Amino acid sequence: MESTEEASYKEACDYSGGNDKSFVGHILPHLMRLYGSCATSKDYEIYAPHASFEDPLMSAHGVKQIKSAFYSLSKVFSESKIVEYSVQENMVSPGKGEILIDNKQHYKFLGKDIDMVSLIKLYVEEGKIVRHEDWWDKKPISNRDTVKLPLLGRVAEMTRRGSMLATHVFMRFGKDPDV
């Protein structure tokens with residue numbers, strides 16, 4: 001089973017999604033709020049307890065570190081959101097799927113607009129995300145398996161972990177913000 005959905009996205013925090021019963025219909029509204037810097041603790045219920053998140057800057061393990069990664073967006077950027085996207089959902093086996101979100105993200109940093117093309121890859125099991133990868137410029141994340149010199153890939157992995165741990169401390173170990 002494969003489905004594709006396209007949209008132009010204006011207000012991430014107001015997104016409610018459709019009545020779709022697929023993985024995408026359940027996950028997408030929460031994901032939009034994460035990238036829109038307006039997530040609540042309920043939005044992180046889309047992740048399995050042992051889930052991981054990785055982008056070129058961070059490598060998070062577990063929901064609390066994932067919370068720290070996304071809660072930090074509003075500390076760095078005055079604006080963040082996914083502005084355009086198309087979705088492809090692939091069922092791998094019963095209860096397991098892969099969601100590919102080809103998207104354009106918009107950020108505002110020190111008054112300057114930054115637009116970035118990205119490919120978000122979500123691996124889903126029993127309706128929960130177990131792995132979330134954000135490939136900037138649609139390029140695989142550098143690691144010991146994707147670079148020519150495994151030692152450089154290992155250094156990139158360690159740098160992402162260090163960045164995540166520093167962010168995790170700064171963001172009070174994934175504590176939900178006071179509302």
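## Strand pairing around β7

Strand β2, residues 47–54, pairs with strand β7, residues 128–136, in the parallel sense over 4 bridges. The model is predicted. Within this pairing, E54 has E133 in β7 as its bridge partner.

Strand β7 also pairs with strand β6, residues 112–125. Here the sense is antiparallel, and the pairing runs over 8 bridges. One of the bridge pairs joins S118 to W136 in β7. A hairpin connects β6 and β7, with 2 residues between them. In that turn, E126 has a positive phi of about 50 degrees.

## S118 in strand β6

S118 is found in strand β6. Is this serine buried or exposed? S118 is buried, because its relative accessible area is 0%, and the cut-off for burial is under 20%.

Two polar contacts involve the side chain of S118. One goes to the side chain of D134, at 2.2 Å. Another goes to the side chain of Q105, at 3.3 Å. Leaving out residues up to four places away in sequence, S118 touches I101, D102, N103, Q105, D134, W135, D137 and K138. Both polar partners, Q105 and D134, appear in that contact list.

## Salt bridge between β2 and β7

Side chains of opposite charge can pair when their charged atoms come close. The salt-bridge count for this model is 11.

Which residue meets E54 in a salt bridge? The partner is R131, with an N to O distance of 2.7 Å. This pair links distant parts of the chain: E54 sits in strand β2 and R131 in strand β7, 77 residues apart. E54 is buried, with a relative accessible area of 11%. R131 is partly exposed, at 26%. E54 thus has two links to β7: a bridge partner in E133 and a salt bridge with R131.

## Other salt bridges and the network

E45 forms a salt bridge with K42. The closest N and O atoms of this pair are 3.8 Å apart. E45 is partly exposed, with a relative accessible area of 46%. K42 reaches 55% and counts as exposed, because the cut-off for that class is over 50%.

The side chains of D113 and K108 meet in another salt bridge, at 3.4 Å from N to O. D113 counts as partly exposed, at 44% relative accessibility. K108 is partly exposed too, with a relative accessible area of 23%. Elsewhere, salt bridges that share partners join E54, R131, E133 and R160 into one network. Its member E133 is also the bridge partner of E54 in β7.

## A nonpolar surface patch

Which residues form the nonpolar patch on the surface? They are V76, F109, L110 and I114. Together they have about 380 Å² of accessible area.

I114 lies in strand β6, the strand that also holds S118. I114 is partly exposed, because its relative accessible area is 32%, and that class lies between the 20% and 50% cut-offs. The value also passes the patch threshold of over 30%. Strand β6 therefore carries both a partly exposed residue, I114, and a buried one, S118.

Definitions and conventions. Residues are numbered from 1 along each chain as its sequence is written. This is a predicted model: local features need pLDDT of at least 70, side-chain atom pairs count only at pLDDT 80 or more; totals for chains, interfaces and linings use all residues. Side-chain values use heavy atoms; hydrogens and water are left out. Two strands pair if DSSP finds at least two bridges between them. Patches are made of residues with over 30% relative accessible area and no salt bridge: like charges are joined within 9 Å, nonpolar side chains (Val, Leu, Ile, Met, Phe, Trp, Tyr) within 5 Å. Accessible areas come from the Shrake-Rupley method with a 1.4 Å probe; for residues, only the protein chains shown count as cover. A salt bridge is a side-chain nitrogen of Lys or Arg within 4 Å of a carboxyl oxygen of Asp or Glu. Buried means under 20% relative accessible area, exposed over 50%, partly exposed in between (1.4 Å probe, protein chains only). A polar contact is a pair of N or O atoms within 3.5 Å; within protein, one must be able to donate a hydrogen and the other to accept it, and residues adjacent in sequence count only if both atoms are side-chain atoms. Contact means heavy atoms within 4.5 Å.
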